[in-house]
Every structure is written in C-alpha cells, then in structure tokens.
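Please follow this account with the sequence and the coordinates side by side, beginning at the surface and then turning to the packing of helices.

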Amino acid sequence: MAERLAASLLPAASPSAPSPPARRVTAAAAASFPSSCSPRAGLRLRPLPSSRLSQKVAGRGRAGAALRVVRCMAASDAAQLKSAREDIRDILKTTYCHPILVRLGWHDSGTYDNNIEEWPQRGGADGSLRFDAELSHGANAGLINALKLIQPIKDKYPGITYADLFQLASATAIEEAGGPKIPMKYGRVDVTEPEQCPPEGRLPDAGPRDPAEHLREVFYRMGLDDKEIVALSGAHTLGRARPDRSGWGKPETKYTKDGPGEPGGQSWTVEWLKFDNSYFKDMKFLSQIPWEERKDQDLLVLPTDAALFEDPSFKVYAEKYAEDQEVFFKDYAEAHAKLSNLGAKFDPPEGFSLDDNTGAAPADEKKEEAAPILEPVAAAVATSTADDNNGAAPQPEPFVAAKYSYGKRELSESMKQKIRAEYEGFGGSPDKPLQSNYFLNIMILIAGLAFLTSLIGN
C-alpha cells in the first residue's frame, strides 16, 4: 500500500490512549518513527456528537393528547455517504492519493483484537485514528496528510461518521485504481474521545525475526486466515515506502522520482497507482534474488513480502494470484470487506449498502419499529411537530404518486402507515402493491377526455 507504513501488510501500528494505562503496549515495529504530529501538535479534529439523531413526530390521539415518537437515524446518512464518495473520487483524480487513503482505512480497522469482546476496547473500524493519541503512533507517520485531505469532506457532510468515511475512502481508492468492487456496508459508530483509542503495537512489522509467523500472529488475532493474509498483501501493488516515515525503501527510484503526486519513495511495482496482480508477479521474481542483492533493485521487497513465496501455505495463494488476476480480485474484495468491518459497531446492526435499492433502508427500518405505536394516529405519522415548523400547524407531506410506485414489490409496513391516510382519498390502498402510477393514469385520462370533448365541439 502506498505511503503505507512500509512496515507491513497493514502498514501501521496503532498507538493508544489506553484505558486503563496498564494496558499500554510498547511499539515493537522496526518501522516505528516519530510522527509528524504529537499529542500537542498536528491536526486537531473536534469530536462530533454521535450521528444517531432523534426526530420528534407528533400526532393527535382520539382524546386530543399529543403522542411523541422518536425516529432514530442510522449512524451515517446514506445520501451523504454517496455524495462523499463522489467528492473522494474528485480528490483521487487530482491528488493521486489512492495509496494513503487505502492505508488510512486499514490502519483504523487493523487494530482489532478478536480476543476482546467489549467495544471499543477491542479496537477496529471505529474512527479512533482521527485523534492525536492514535495518530501520533510511529506506524501512523504521514497519515495526517490523509486526514487533511478528507477532513473538508467530513465538514461538508456532518451526517456521516469518521469510521464510515475512512472505510469509504479506502474502498473507493481501490476501485478507482482499477481494482475490484468491494462489497462494503456502512453504519459504523464512532468512538467519541481519545481515551477510547486502542494501544499501540497491534499492526504488523515489516521486518520481524520470523516474517511468516509474525504475519500469522497479527492477522490471526484479527480473525483472518492465510488466504486473506496473502490477498490483502496484494494491496502493495499500490503505493510507495518512504524511509523518513517507515525506515524502509529508498528516497526515490526511476519509477517514483517524477511522481505523479509528491515524488520520491520506493514502490513495490512499476505502475504503483494501478491495482492489479503485478505485485505477485514481481514478488515471485524478486524473491528468487539473494537478499543482499535486492537492495540494488528499484522495486521494494520487504521481509514480509518475501515470506509470501517462502512459506509453503502462503506460497499456494501467492502463486495462484500471480497467475490469475480474476481469482486475486475476488479474494481481495472479500478480504478487504471483512477487514473494513473488524471491530465495528453498526447502527443499524446489520449495516446498509450504498450500491443497491436499499441504500436508505436503515432509516425506514428504524421507523418500522415504531409502527405499532403509531396505529392510533396513522393519519398524523407523516407530519412533524409544530415546533419543527417554527410554530406553524403540521403540514402533510405532499402527495407524489410516482414516489410510491414500486411495480410488483410489496410496500414496507412503515410506508403503508405513512401513506394510508393520504391515499384513501385517491382510491389507493397501501395493503397491496401499487401496480401503476395513478397520477400519470389520471393525467392521461384527463387528456383523453379533453381530446374527445374538442372533437365533439368541432
């Protein structure tokens, strides 16, 4: 991964603001170097309140008493996430920051400890990397640059969480670099204070004494297996290692001296902004060169990279990926999605997707939970309180027939509740799917009658 701590598959060790202090872990990565930001310096991001928003809905019961219902939103707003994704794509086109955005997502989720059940003590994709307490870890050197890139997006779309934004940026960077479509889900909840950051030292080291054993120790702790370790290693097809950040690589090579983006560093592949299986092809060749001679090569090979073709179990997958890019893409997409979910607490619990027709479903599902309460005041469900209208009387949502025409798909219970009062006056029924657009049919009928009337008049 580019700009990624050349220190490893998950180029980063995650620092901590451990709680309690007794759990502080000393960074063991050979690539631990002072970060560009410290607990007293760097990008200070103010923690925002939880994105679970409550909206009051008032209805009048039979006795005239006001019924107040709380409608809970998902941790992140689906529409805002989709817009943020477009903004990320724009940034990628102008800054070539694919590698560091991938690294950002990996470092936030890669601190997960499968042996700890409590959230957020278990670490993982919870947005904690935005705090100086974690950002200042040696393994996260340089990631302040990634935060500076996406912080304006977070400011623009306050209805999304940092945890979702980090993983959205990572997956989008892979896809925009030519990689596979990642089956992502969203709705991750953010931690709210630096004391909730995980301890430092949970991410891989680039040069351990026993590279293969070290990779297993780290990734098994996250609940990943050998195939997933090798597949995720393939992300090193993107990016460069910089000696001033990780202690690995050269200041520049013939492949990096002219950029694009900020020049310098040493890449794993020739086209280090293109996601494909060239990493495995190059590593297969370079791993056969004696270690002493590899330093003279323009392409980087870390001890953890070489282990993929030296360890018998890893080698099976590495050689398969070198031969078949389609297989690599399939396995990588699954492993990346799994990594992005590690340790996360989702709201709604099942998460939601941005790439199907249920992107906004979580909010509707939340409303369905309140449906039984709303039965006595079904006619008022679609209205808001007088307070929400600056003191004006509640107004029903405008009727738009096309909005509710779902062909042969059955309407959800919450939608039935919402439209029952409005539709009865139009002859519609929320107890069965709307088979056609009634508003359009009415307009056609009126046009037909007008035409016949003109003929008769003539």
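In this predicted model, a nonpolar patch on the surface is formed by Leu445, Leu449, Phe451, Leu452 and Leu455, which together offer about 520 Å² of accessible area. One of these residues, leucine 452, lies in helix 16, the run of residues 438-457. Its relative accessibility is 46%, and leucine 452 therefore counts as partly exposed, because that class falls between the limit of under 20% for buried residues and that of over 50% for exposed ones. For residues in a helix of this kind, a general point of geometry is useful: an α-helix has 3.6 residues a turn, so residues three or four places apart point the same way.

A contrasting environment is found at leucine 215, which belongs to helix 6, spanning residues 211-221, and which is buried, with a relative accessible area of 0%. Between leucine 215 and valine 230 there are 9.7 Å in space, C-alpha to C-alpha, for a separation of 15 residues in sequence.

Helix 6 packs against helix 10, which comprises residues 303-310, at an angle of about 100° and with the two axes 8 Å apart; helix 6 is therefore roughly perpendicular to helix 10, since angles of 65 to 115 degrees are classed in that way. Where the two meet, Pro211, Ala212 and Leu215 are the residues from helix 6, while Pro303, Thr304 and Ala307 are those from helix 10.

Helix 10 is itself mostly covered, with seven of its eight residues buried, namely Pro303, Thr304, Asp305, Ala306, Ala307, Leu308 and Phe309.

Terms used: Residues numbered from 1 in each chain as written. Predicted model: local features only at pLDDT ≥ 70, side-chain atom pairs only at ≥ 80, totals over all residues. Heavy atoms only, no water. Patch = residues over 30% accessible without salt bridge, like charges linked within 9 Å, V, L, I, M, F, W, Y side chains within 5 Å. Areas by Shrake-Rupley, 256 points an atom, 1.4 Å probe, with all protein chains shown as cover. Salt bridge = Lys/Arg side-chain N within 4 Å of Asp/Glu carboxyl O. Helix = DSSP H or I, 4+ residues; strand = E, 2+ residues; numbered from the N terminus. Buried < 20%, exposed > 50% of the residue type's maximum accessible area, 1.4 Å probe, protein only. Axes fitted to C-alpha atoms, helices over the stretch in contact; angles between N-to-C directions. Parallel < 35°, antiparallel > 145°, perpendicular 65-115°, else oblique. Contact = heavy atoms within 4.5 Å.
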